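Student: I have a structure open in front of me, and I would like to go through it with some care. Could we take it one question at a time?

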Amino acid sequence: MTTLLEAKDVSRAFGGLKALAGCSLNVERGSITGLIGPNGSGKTTLFNVITGYIKADSGSVTFDGKDITNARPNAVFALGIGRTFQMTRIFSRISVVENMLVATQRDESWLRGLTRSKSSKSELDNAMEWLDFVGLARLANLQAGSLSYGQRKLLELAYVLVADPDVILLDEPAGGVNLTLINEIGERIRTLNKSGKTFLIVEHNMEFVMNLCDTVTVMHQGRNLVTGQPEEVRANPLVLDAYLGGGDDDDEEVIEEMTNG
Amino acid sequence: MKQTPWWVLAIVVFTLFPLVVTNPFWTTIAIFTLIYMGCATSWNMFSGYSGYVSLGTAIFYGCGAYTMALISIHSHMPGGAEQFLLVPVGGLVSMVIAVPLGAVALRVRRHTFVVITIAFFFVFQLAAINANFTGGPAGLSLQLIGWQGNSYNTPFYYVALAILVFAVVLSALVRRSRFGLQLLAIRDDEDRALGLGVKVKAVKLTGYTLSAFTVGMMGALYAMFLGQIYPQFVFDPVFDVTVALMAFLGGFGTLLGPLVGGLILESSQQWLTATYSNGSLYLILFGALFLVVVLFMPQGIVVKVKDMWMKRSLKASDDSSIPTPATVTGGAK
């Protein structure tokens, strides 16, 4: 397998806080890569650097051989990197299907948008197909703000997929979602992965990560700590230290989960 | 059963109005009403769709007015119908001015954007009062137009109506275009839109510039209609606020909202001012009206009426299927 997305020695400080301190990450083409770590270890910051929302102080990000360090978010998206957010972000005052259409013009010139209608027949069909894929097709004309939290997660996943990105970054796809829906989301990710999509997933639900991912990278204090197969990572004492070192009650639960299942 | 669309009815009524009502007292009120409806529609086409509330609309109104006055005076145009040719020129000049203003102001969001547009507005007002070529505080007088009596107003009325129709059609087309969808996406979550490939800077600036065009045309028409402009009346802070309030009253971000708001507010203001010869009586009415709107229909008259109507028809049909709510503020046609 070849590397599709690579972050190398990325650093980023917010004031005195080093959110990222020389973090490196490899995402192989066609893989599902997991990114875990205690709260505040820099996972989301790394996502933000990769997708252009935050500028890196140093280090580089390459995608498919191209240097995309500090590129604008729209340019990153146009190249084929789609992402979802930890706090789900949808366009709440337009309809569900209109949400889908926002992302369709991955690399269209802005002038073109003035002269064309919202969607062509094929774009609309494609949008409806993806909505159907996540099970939201019957809600297509509803205002997106009236969707439940879980449905918003699904919509966010769907409207990223509509632009056909090569790699999809998911920030806590299972956070705050009920068990049935978690499994459903897992299934969707697996199906998409089989069809050739690459995934990078940040998630606190260990069961979800361990079952789904081919490779897992553990982050701690802004660095990548350990990378390996889920089983290796689970057994690694460094990882346990990282979680215990945080001294957070939540983290202990996580360790329990990790060691048990 | 097929209904006649609302806009056909509206166009018929507005077209016939000056034929039925010939009294210049009423047609003058009507012209001002059309001008404000057009400006509110145009304002809403950018600010309503994108959420960037601009309080510097009068910049474009004033620039349009001064364009009309300066060009017609300096080219020694005889007062008459050919001056109407300068109306689109006024719009274009306003558009050109909007580009650098937008490029700076649109770098910031929300309250900061509002404050910056207000600041820009006062820069223009002060410039108009103090510059030489604008005639300073005394303003500019245009060539007299020799049209007599009751028919003086008629051409102005129809030109104002034409610009209004243009503004509404443009706003409707924008709403249906990919560009309009991008503006709405920006209103809901600009950073997210950026991350989905929307070139937010270009989209915002285009919207801002387009909306300046119609306002500039209306300003030019205003200057020609009155034949005399003063800096404090064409660069009027009350204009900034009024246009925004019209859109809020009728329905922020809807197509119909600014039309309804403009119709109600401007006609009542003109009528009250003319009837009671009291220039500030309308402010009391405005205040009361806005209290009512803020308390009982914060999304505007149009959305409220639509929701009520929908609830009623839902009850009537006793339909158990999932209702499609009015895509409030964003999608209302």
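Student: Which residues of the largest nonpolar core touch the most other members?
Tutor: Keep in mind that this is a predicted model. In general, nonpolar side chains of soluble globular proteins tend to be buried together. Here the largest nonpolar core has 166 residues, and those that touch the most other members are V102(A), A158(A), A65(B), A160(B) and L221(B).

Student: Which helix of chain B gives the most to this core?
Tutor: The count to look for is the number of core residues from each element, and the top contribution is 15 residues, which come from helix 8 of chain B.  That helix covers residues 200-226, and L221(B), one of the residues that touch the most other core members, touches I35(B), V87(B), F156(B), V159(B), A160(B) and I163(B), not counting residues up to four places away in sequence. The element asked for is helix 8 of chain B.

Student: Which helix gives the most to the side of chain B that touches chain A?
Tutor: Across the two chains, 29 residues of chain B are in contact with 30 residues of chain A. The elements that give two or more residues to this side of chain B are helix 7 (178-195) and helix 8 (200-226). By class, this side has 12 nonpolar, 10 polar and 7 charged residues. With 13 residues, the helix that gives the most is helix 7 of chain B.

Student: Why do the buried residues of helix 5 of chain A line one face of the helix?
Tutor: The buried residues of helix 5 of chain A are A127(A), W130(A) and L131(A). An α-helix has 3.6 residues a turn, so residues three or four places apart point the same way. Seen down the axis of helix 5 of chain A, the buried residues line one face because they fall within an arc of 105 degrees.

Student: Which exposed residues does the face turned away from the buried side of helix 5 of chain A carry?
Tutor: The buried residues of this helix pack against helix 3 (96-102) and helix 6 (149-161) of chain A. The face of helix 5 of chain A turned away from them carries the exposed residues K121(A), S122(A) and D125(A).

Student: Over which residues of chain B does pLDDT stay under 50?
Tutor: Chain B averages a pLDDT of 85, and 94% of its residues score at least 70. One stretch, for which the model has 30 contacts beyond four places in sequence, stays under 50, and it is residues 326-333 of chain B.

How values were computed:
Residues are numbered from 1 along each chain as its sequence is written. Chains are lettered from A and ligands numbered from 1 in the order in which they are written. This is a predicted model: local features need pLDDT of at least 70, side-chain atom pairs count only at pLDDT 80 or more; totals for chains, interfaces and linings use all residues. Two residues are in contact if their C-beta atoms, placed from the backbone, lie within 7 Å. Helices (H or I, at least four residues) and strands (E, at least two) are DSSP runs, numbered from the N terminus. Ala, Val, Leu, Ile, Met, Phe, Trp, Tyr, Cys and Pro count as nonpolar, Asp, Glu, Lys and Arg as charged, and the others, Gly among them, as polar. A nonpolar core is a set of buried Ala, Val, Leu, Ile, Met, Phe, Trp, Tyr and Cys residues joined through C-beta atoms within 7 Å. A residue is buried if 20 or more other C-beta atoms lie within 10 Å of its own, exposed if 12 or fewer, and partly exposed in between; C-beta atoms are placed from the backbone. pLDDT is the predictor's confidence in each residue, from 0 to 100. The arc is that of the directions from the helix axis to the C-beta atoms.
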